[in-house]
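Student: I would like to learn how to read a protein model. Could you walk me through this one?

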Amino acid sequence: TVERFSFTSTGVHQPAQLHSHKAPLQTDTVPLIRVDSAVKTFTARSRSLRRVKMIALNNVSLEINRGETVGLVGESGSGKSTLGRSILRLTTLDAGKILYEGQEIQHLSESQFRPLRRKLQMVFQNPLTSFNPMMTIEAALLDSMRLVTELSPSEKKQRVFQLLDQVELSERFAKLYPYEMSGGQLQRAALARALAPDPDFIFLD
């Protein structure tokens, strides 16, 4: 358990726990990801239709270094997905900071954050809802590489087949639509999509 990680939850939910495997790192390096005192609340309606405030993140602090694998463990509703979505700016924090390589990213404009988006990727819990049903798997993987300027169109297409092979899917899956695949196959394709832009960080939800 990583002691420098603090996670406080309220109500009936138990705090999530963090486990870490570290590669050899220099102590003076800037963390790849730093979450500092993150707070996020949601408002929902109870059975009596009253508005109830739900605290998803309560003063969460976390550092992840390059080459480090971190596992966040907690029951459903303890804030794991909210933390990941906040790091990727899919959810806006109420308070706190998120830094990527020392740069605060929560308050960047979309145009300022756009070059960084390829560096931060996520594999969602439900792969079917995370894919555009009108896109083939090949098109989805190519779309995830739209910010990769160092590869030519032909090189990107070749990378699609390399990625499918990496997640143990044959080339025929490139022409399939999401609804033509099983959940397990589609989750592999989702992992390939996250790897496609060669990110620095992947959150596996």
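Student: Over which residues does pLDDT stay under 50, and how many contacts beyond four places in sequence does the model have for them?

Tutor: Good place to begin, since this is a predicted model. pLDDT stays under 50 over residues 1-15, and for that stretch the model has 38 contacts beyond four places in sequence. For the chain as a whole, the average pLDDT is 86, and 86% of the residues score at least 70.

Student: Thanks! How many helices and strands does the chain have?

Tutor: There are six helices and nine strands. The chain has 205 residues, of which 38% count as buried. It exposes about 11900 Å², and carbon and sulfur atoms supply 50% of that area. Contacts are worth a look too: taking those with a separation of 6 or more, 67% come from residues 24 or more positions apart.

Student: Let's turn to the strands. How many bridges join strand E3 to strand E6, and which way do the two run?

Tutor: A general idea helps here: in a regular strand, side chains alternate between the two faces of the sheet. In this model, E3 (residues 33-45) and E6 (residues 95-100) run antiparallel and are joined by five bridges. One pair to find is Ile-33 with its bridge partner in E6, Tyr-100.

Student: Which residue takes a positive phi in the hairpin of E6 and E7?

Tutor: That is Glu-101, with a phi near 50 degrees; the hairpin has two residues between its strands. E6 and E7 (residues 103-104) are antiparallel and share two bridges. Across this pairing, Leu-99 stands opposite Glu-104.

Student: Now for the inside. Which residues of the largest nonpolar core touch the most other members?

Tutor: This core has 23 residues, and the ones that touch the most other members are Phe-131, Ile-137, Leu-141, Leu-164, Leu-169, Met-181 and Ala-189. Helices H4, H5 (153-166) and H6 (183-195) are the elements that give two or more residues to it. H6 gives the most, with five residues. To see how one member sits, pick Ala-189: leaving aside neighbours within four places in sequence, its contacts are Phe-131, Ile-137, Leu-141, Leu-169 and Met-181. There is also a second, separate core of 22 residues, with Ile-33, Val-35, Tyr-100 and Phe-113 among its members. You met Ile-33 and Tyr-100 a moment ago as bridge partners.

Student: Which residues of helix H1 are buried, and what covers them?

Tutor: In H1 (residues 80-87), the buried residues are Thr-82, Leu-83, Gly-84, Ser-86 and Ile-87. Their cover includes strands E3, E4 (51-64), E5 (69-73), E6, E8 (120-123) and E9 (201-204).

Student: Is Arg-89 buried or exposed?

Tutor: Compare its relative accessibility with the cut-off, which is under 20% for buried. Arg-89 has 18%, so it counts as buried. Arg-89 lies in the loop between H1 and E6, and just after H1 it takes a positive phi of about 65 degrees. Its side chain reaches the backbone oxygen of Ile-105 at 2.9 Å. Beyond four places in sequence, Arg-89 touches Ile-105, Gln-106, His-107, Leu-108, Ser-109, Glu-110 and Phe-113. Phe-113 is listed in the second core as well.

Student: Why does Ser-144 count as buried?

Tutor: The reasoning is the one we just used: Ser-144 counts as buried because its relative accessibility is 15%. Ser-144 belongs to helix H4 (residues 137-144). A polar atom of its side chain lies 2.6 Å from the backbone oxygen of Leu-141 and 3.4 Å from that of Arg-193. Apart from neighbours within four places in sequence, Ser-144 is in contact with Arg-193, Ala-196 and Pro-197.

Student: One last residue: where is Thr-136?

Tutor: Thr-136 sits in the loop between H3 (127-130) and H4. With 16% relative accessibility, Thr-136 counts as buried. A polar atom of its side chain is 3.1 Å from the backbone nitrogen of Ala-139. Setting aside neighbours within four places in sequence, Thr-136 is in contact with Ala-174, Lys-175, Leu-176 and Tyr-177. For a sense of folding in space, try Thr-136 and Tyr-179: they are 43 residues apart in sequence and 9.8 Å apart in space, C-alpha to C-alpha.

Definitions and conventions
Residues numbered from 1 in each chain as written. Predicted model: local features only at pLDDT ≥ 70, side-chain atom pairs only at ≥ 80, totals over all residues. Heavy atoms only, no water. Helix = DSSP H or I, 4+ residues; strand = E, 2+ residues; numbered from the N terminus. Buried < 20%, exposed > 50% of the residue type's maximum accessible area, 1.4 Å probe, protein only. Polar contact = N/O pair within 3.5 Å; in protein donor to acceptor, adjacent residues only side chain to side chain. Contact = heavy atoms within 4.5 Å. Pairing = 2+ DSSP bridges. Core = buried A, V, L, I, M, F, W, Y, C linked by side-chain atoms within 4.5 Å. Areas by Shrake-Rupley, 256 points an atom, 1.4 Å probe, with all protein chains shown as cover. pLDDT = per-residue confidence, 0-100.
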